[in-house]
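Reader: I would like a close look at one loop and at what surrounds it. Please go through it step by step, in plain words.

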Amino acid sequence: MATNELTAGQALQSVPAGISWTAPPKSRAWQNPPKFTNLSDVADAYVSKLASKDMANTVLDALETKAPLASLAEIIMLSGVQKGMHTLDTGILVMPIIIEMLKTAAMLHDIKTVTYSDEYDTMRTIPTRAIKRAVADLIKAPTEEAEPAPVLTEMKTGLMQRKSKVEV
């Protein structure tokens, strides 16, 4: 009796449904073997890339946005995965090196940084007590006396008549 079930080997070798609609197989960088497989090679590639003169302005601009260093490192690492430089696993292992490179660049240029997003959230939070006080001060502040706006009433004259507004 024949079954339509796939063996484990066939399931791993088959192409996911719908992949052929977007691009031919193996045409994307992440569908091919990575350029670097050794962790030290990946780290060296990032150190040389982040230390290059053409990346310096881009890195400093990113650091000046006060975005968390871990988020910037993750973006840089995922870019390397997308370009086929390395696998996701080696990228995760090399992220502390990327963070340290970003910290060093920030320190050399006197840029204050935040490493993780939880530090960023506490740094940017305004206490609700201060917000309430500011709103209360705005409400109590004397304003120029303005003429009261005229009161408009609607006059209805018939079932199909347009509504016209008349000042009282």
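Author: Thr115 lies in the loop that runs between helix 5 and helix 6. The model is a predicted one. Is Thr115 buried or exposed? Thr115 counts as buried, because its relative accessibility is 13% and the cut-off for buried is under 20%. A position in a loop therefore does not by itself settle the matter for Thr115, which is buried at 13%.

Which residues does Thr115 touch? Leaving out residues up to four places away in sequence, the list is Pro68, Leu69, Ala70, Ile99 and Lys103. Leu69 can be placed with the residue ranges, since helix 4 covers 69-82. Ile99 can be placed in a similar way, as helix 5 covers residues 88-108.

Asp110 is in the loop between helix 5 and helix 6 as well, and helix 6 itself covers 117-124. Asp110 is exposed, because its relative accessible area is 73% and exposed means over 50%. The backbone of Asp110 has a positive phi of about 55 degrees, although Asp110 is not a glycine. A second positive phi outside glycine belongs to Lys66, with a value near 65 degrees. Lys66 sits in the loop between helix 3 and helix 4. Lys66 counts as partly exposed, because its relative accessibility is 35%.

From Lys66 the chain leads on to helix 4, where two residues are worth a look. Leu72 is in helix 4, and so is Glu74. Leu72 is buried, because its relative accessible area is 13%. Glu74 counts as partly exposed, because its relative accessibility is 40%. How far is each of them from Ile99, a residue that Thr115 also touches? The C-alpha atoms of Leu72 and Ile99 are 8.1 Å apart in space, and the two residues are 27 residues apart in sequence. For Glu74 and Ile99 the C-alpha distance is 9.0 Å, with their places 25 residues apart in sequence.

Leu72 also has contacts of its own. Apart from residues up to four places away in sequence, Leu72 touches Ala62, Leu63, Ala67 and Leu102. Leu63 has a list that includes Leu72 in return. On the same terms, Leu63 touches Leu69, Leu72, Leu102, Ala105, Ala106, Ile111 and Thr113.

Leu63 leads to the interior of the chain. The largest nonpolar core has 25 residues, and those with the most contacts inside it are Tyr46, Val59, Leu63, Ile98 and Leu102. Which helices supply this core? Helix 2, helix 3 (53-64), helix 4 and helix 5 each give at least two residues to it.

Helix 2 and helix 5 also meet each other. Two packed helices are described by the angle between their axes and the distance between the axes. For helix 2 (residues 39-51) and helix 5, the axes come within 10 Å and cross at roughly 35 degrees. The crossing of helix 2 and helix 5 is right-handed. On the side of helix 2, the residues that meet helix 5 are Leu39, Val42, Ala43, Tyr46, Val47, Leu50 and Ala51. Their partners in helix 5 are Thr90, Leu93, Val94, Ile97, Ile98 and Met101. By class, this contact has twelve nonpolar, one polar and no charged residues.

Val94, one of the residues of helix 5, serves as an example. Val94 is buried, because its relative accessible area is 0%. With neighbours within four places in sequence left aside, Val94 is in contact with Leu39, Val42, Ala43 and Tyr46. The C-alpha atoms of Val94 and Val42 are separated by 7.3 Å, while the two residues are 52 residues apart along the chain.

The last step is to look at the chain as a whole. How many helices and strands does the protein chain have? It has seven helices and two strands, in the order α-α-α-α-α-α-α-β-β from the N terminus on. Buried residues make up 21% of its 168 residues. Among contacts between residues at least 6 apart in sequence, 61% join residues at least 24 apart. The accessible surface of the chain comes to about 13,600 Å², and 59% of this belongs to carbon and sulfur atoms.

Definitions and conventions. Residues are numbered from 1 along each chain as its sequence is written. This is a predicted model: local features need pLDDT of at least 70, side-chain atom pairs count only at pLDDT 80 or more; totals for chains, interfaces and linings use all residues. Side-chain values use heavy atoms; hydrogens and water are left out. Axes are lines fitted to C-alpha atoms, for helices over the stretch in contact, and angles run from 0 to 180 degrees between N-to-C directions. Helices (H or I, at least four residues) and strands (E, at least two) are DSSP runs, numbered from the N terminus. A crossing is left-handed if the near helix is turned anticlockwise from the far one by less than a right angle, and right-handed if clockwise. Contact means heavy atoms within 4.5 Å. Ala, Val, Leu, Ile, Met, Phe, Trp, Tyr, Cys and Pro count as nonpolar, Asp, Glu, Lys and Arg as charged, and the others, Gly among them, as polar. A nonpolar core is a set of buried Ala, Val, Leu, Ile, Met, Phe, Trp, Tyr and Cys residues joined through side-chain atoms within 4.5 Å. Buried means under 20% relative accessible area, exposed over 50%, partly exposed in between (1.4 Å probe, protein chains only). Accessible areas come from the Shrake-Rupley method with a 1.4 Å probe; for residues, only the protein chains shown count as cover.
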